[in-house]
Each structure stands twice: as structure tokens, then as C-alpha cells.
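Reader: Could you walk me through reading a helix pair and a few single residues? I'd like the general idea, then the case at hand.

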Amino acid sequence: MKKNSDANPNILPRKLSNMIKMFKFDDALPIIKMSLAWIPGKIWKLFQKDIWVITELSYNARDNGYWLFKYIKEHYPEKKVYYAIDKKSSDYKKVSIYDSVVQFESFKHCMLFWACSKYASTYFFDGVPFR
């Protein structure tokens with residue numbers, strides 16, 4: 001069995017090279033937006049300690065995330081909980097009756113990502129405010 005020191009030193013540069021080749025210009029904007037939102041998000045967190053963000057896919061509100069959001073808003077209205085969804089979504093109307101709905105991938109969504117104490121999504125990586 002090989003030790004880590006015996007590993008092929010060319011693997012990391014090759015992996016990095018492949019990642020750079022896959023990078024597209026469209027990927028830069030979400031990365032920049034998330035980076036710019038970091039400081040305001042952390043400042044927001046200083047003033048509001050317990051923020052929750054719930055999301056699903058950007059275009060729907062039909063899964064467990066929606067029902068959790070609805071339950072919290074109806075039974076714990078004092079709780080700072082936000083739901084991220086695209087305003088062009090057909091499900092936006094049923095979520096918008098609550099006051100804390102944010103546009104998916106907006107700057108506010110990015111700030112909430114850094115400010116929240118709990119981030120719940122029904123899909124792994126699909127609820128994160130970047131591609």
C-alpha cells in the first residue's frame with residue numbers, strides 16, 4: 001500500500017487544469033455575487049442571530065420545504081424564516097402571501113445564505129444561490 005507521500009504529484013495539477021477548462025464565464029457572476037454578499041451577510045448575522053432560509057428548486061414550492069415554511073410562518077410567526085423562489089415561478093403566488101419571500105439567486109438571497117443559522121433545502125446543491 002502506498003503512502004500519501006508516494007502519491008502521483010501530477011494528479012492535483014491535472015484536476016485543477018480540468019476544473020479550469022470546465023469553468024465558463026457565466027460561472028463568474030454567481031461567484032462574484034456570493035463573495036460580495038459575504039461581508040453584508042455576516043454583519044446581518046450580528047444583528048439577527050437566528051435566521052432560517054428554506055428553499056427547494058428555484059422554480060417550485062411543492063415539496064417538504066414549502067410545507068415546513070408554511071408551518072413555521074403559521075405557528076411561529078415571530079421566527080425569522082425566509083423562502084427563496086424565482087418570482088417567475090408558477091408557485092410564487094402561493095408563497096408570496098407570506099412576508100419573507102426572496103428572489104432566488106438575488107443579492108438578498110446570497111446575503112441570507114451567509115447570515116442564516118439554518119439553511120434547509122430539499123435538494124442537495126439546488127437550493128444554494130449559485131449554480
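**Reading the model**

Author: Let's start with one loop residue, keeping in mind that this is a predicted model. Glu105 has a relative accessibility of 28%, so it counts as partly exposed, since that class lies between 20% and 50%.

Reader: Where is Glu105 found?

Author: Look in the loop between strand S3 (101–103) and H5. Check its backbone too: phi of Glu105 is near 65 degrees, a positive value in a residue other than glycine.

Reader: On to helices. What describes two packed helices?

Author: You give the angle between their axes and the distance between those axes. Here, helix H2 (residues 28–47) packs against helix H5 (residues 107–115) at about 55 degrees, and the axes are 7 Å apart. That angle makes H2 oblique to H5. As for handedness, H2 and H5 cross in a right-handed way.

Reader: Which residues of H2 and H5 make the contact?

Author: From H2, they include Met34, Leu36, Trp38 and Trp44; from H5, Phe107, Cys110, Met111 and Phe113 are among them. Sorted by class, the contact of H2 with H5 has 13 nonpolar, one polar and four charged residues.

Reader: You mentioned a cysteine. Is Cys110 buried or exposed?

Author: Buried, because its relative accessibility is 0% and the cut-off is under 20%. Cys116 has a relative accessible area of 8%, so this residue is buried as well.

Reader: And how many disulfides does the count come to?

Author: Zero disulfides, going by a rule that needs two cysteine sulfur atoms within 2.5 Å.

Definitions and conventions. Residues numbered from 1 in each chain as written. Predicted model: local features only at pLDDT ≥ 70, side-chain atom pairs only at ≥ 80, totals over all residues. Heavy atoms only, no water. Axes fitted to C-alpha atoms, helices over the stretch in contact; angles between N-to-C directions. Helix = DSSP H or I, 4+ residues; strand = E, 2+ residues; numbered from the N terminus. Parallel < 35°, antiparallel > 145°, perpendicular 65-115°, else oblique. Left-handed = near helix turned anticlockwise from the far one by under 90°. Contact = heavy atoms within 4.5 Å. Nonpolar A, V, L, I, M, F, W, Y, C, P; charged D, E, K, R; others polar. Buried < 20%, exposed > 50% of the residue type's maximum accessible area, 1.4 Å probe, protein only.
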